[in-house]
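Please open the structure in a viewer and keep the selection panel at hand. The tour proceeds from the whole chain to individual helices and cores.

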Amino acid sequence: MLTPETHCAFEDFCDEAKKHGFEPKIESGYRSFERQLLIWNEKVSGKRKILDKNGKPLSIDMPKLELMKTILLWSALPGTSRHEWGTDIDVIDAAAAPKDYEAELTIEESFGLFGEFHKWLDSQIESGNSSFRRVFLPGIGMVHPEPWHLSYVPEARKMEQNFTAENLEERLKNSEILLLPQILDNLEWILDNHVFCYFEKLDFLH
Ligand SMILES: [Zn+2]
C-alpha cells in the first residue's frame, strides 16, 4: 500500500494535471519485499526475461557476478526497491494512451506517446510546484533511467534516513534470495551505485 500521505499527494497531483489535460495513472505503486524477491529469483533462474543495458533480451548463461550486475540494471535488489516504501510510483498519462493500452515503461514511450505529459512534469518539478521528484535520472548511478518513476519527497526522505545496510543484510540473509554470496560480497558496491546515489541530495537546500 502507498502511505496515506503519498496517496493524498498523488490525488492533488492528478487534480493539477487534469487542468492541463493529463490523466496520471499509476502503473506500479507499492511492491512488497516478497514480490521483489520473486521477480529477482525468477530472473536469476531464467523464468523471467533479463535485458542488457540496451533493452535486448539475454540468456542467463553467464558468470554469476555478471548475471547479478545485469539484473540490477533493470530490477532493484529486494529490500532496496523504493516501491517497497509506499512512497514511489511509476506513472503514465492515461489521457494520451489508446484504450486498453499496455504501458511499456520505456524511454521511447516516455518521449513519444507520453512526451507532452513529461514536458509538463519537467516544468512542475523545475518550478518547485510538485513534491514529487524523479529519481532514476541519466548520469546518476547504474540503474537504467526511468523518467516515469516518481518519488513523494517528504515521505521518501524519511525512508532514506531510516535505511541501513545492516538491516538490509540481515533481511537478505533471512530470505531465500538467489545469488546471496555474490550479493553479500558486493553489497557496498550495490548500495553505492544502485541505492544511495539516488537518495535526495540535501546540500543544495542550505
Ligand atoms: Zn519504479
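The expected span of a helix is 1.5 Å times one less than its number of residues. With this in mind, select helix H5, residues 115-126, in this predicted model. H5 has 12 residues, and the distance from its first C-alpha to its last is 16 Å, close to the 16 Å expected. Just after H5, select Gly128, where phi is positive at about 75°.

**The whole chain**

Now display the entire protein. Its secondary structure consists of 9 helices and 6 strands. The radius of gyration is 17 Å, close to the 17 Å that the globule rule gives for 206 residues, so the protein is as compact as a globular protein of that length. Aligned to its principal axes, the C-alpha trace spans about 50 × 40 × 30 Å. Of the 206 residues, 26% count as buried. Among contacts with a separation of 6 or more, 70% are between residues 24 or more positions apart.

**The largest nonpolar core**

Next, select Phe13, Val91, Ile92, Phe117, Phe132, Leu150 and Tyr152, the residues with the most contacts inside the largest nonpolar core, which has 16 residues. Colour the contributing elements as well: helix H1 (4-19), strand E4 (88-93), H5 and strand E6 (149-152) each supply at least two residues of this core.

Centre the view on Phe13. Which residues is Phe13 in contact with, leaving aside its neighbours within four places in sequence? They are Pro24, Ser130 and Phe132.

Apart from this core lies another, of 14 residues; select Leu37, Ile71, Leu72 and Val135, which are among them.

**Helix H2 and its buried face**

Leu37 leads to the next stop, since it is also one of the buried residues of H2. Select H2, residues 33-44: this helix has 12 residues and reaches 16 Å from its first C-alpha to its last, close to the 16 Å expected at 1.5 Å a residue. Within H2, highlight the buried residues Gln36, Leu37, Trp40 and Lys43. Looking down the axis of H2, one finds these buried residues within an arc of 130°, so they line one face of the helix. An α-helix has 3.6 residues a turn, so residues three or four places apart point the same way.

To see what covers the buried residues of H2, add neighbouring elements including strand E2 (50-51) and helix H3 (64-74). Finish at Gly46, which follows H2 and has a positive phi, near 80°.

Key. Residues numbered from 1 in each chain as written. Predicted model: local features only at pLDDT ≥ 70, side-chain atom pairs only at ≥ 80, totals over all residues. Helix = DSSP H or I, 4+ residues; strand = E, 2+ residues; numbered from the N terminus. Rg over C-alpha atoms; globule rule 2.2 N^0.38 Å. Buried ≥ 20, exposed ≤ 12 C-beta atoms within 10 Å, placed from the backbone. Contact = placed C-beta atoms within 7 Å. Core = buried A, V, L, I, M, F, W, Y, C linked by C-beta atoms within 7 Å. Arc of directions from axis to C-beta.
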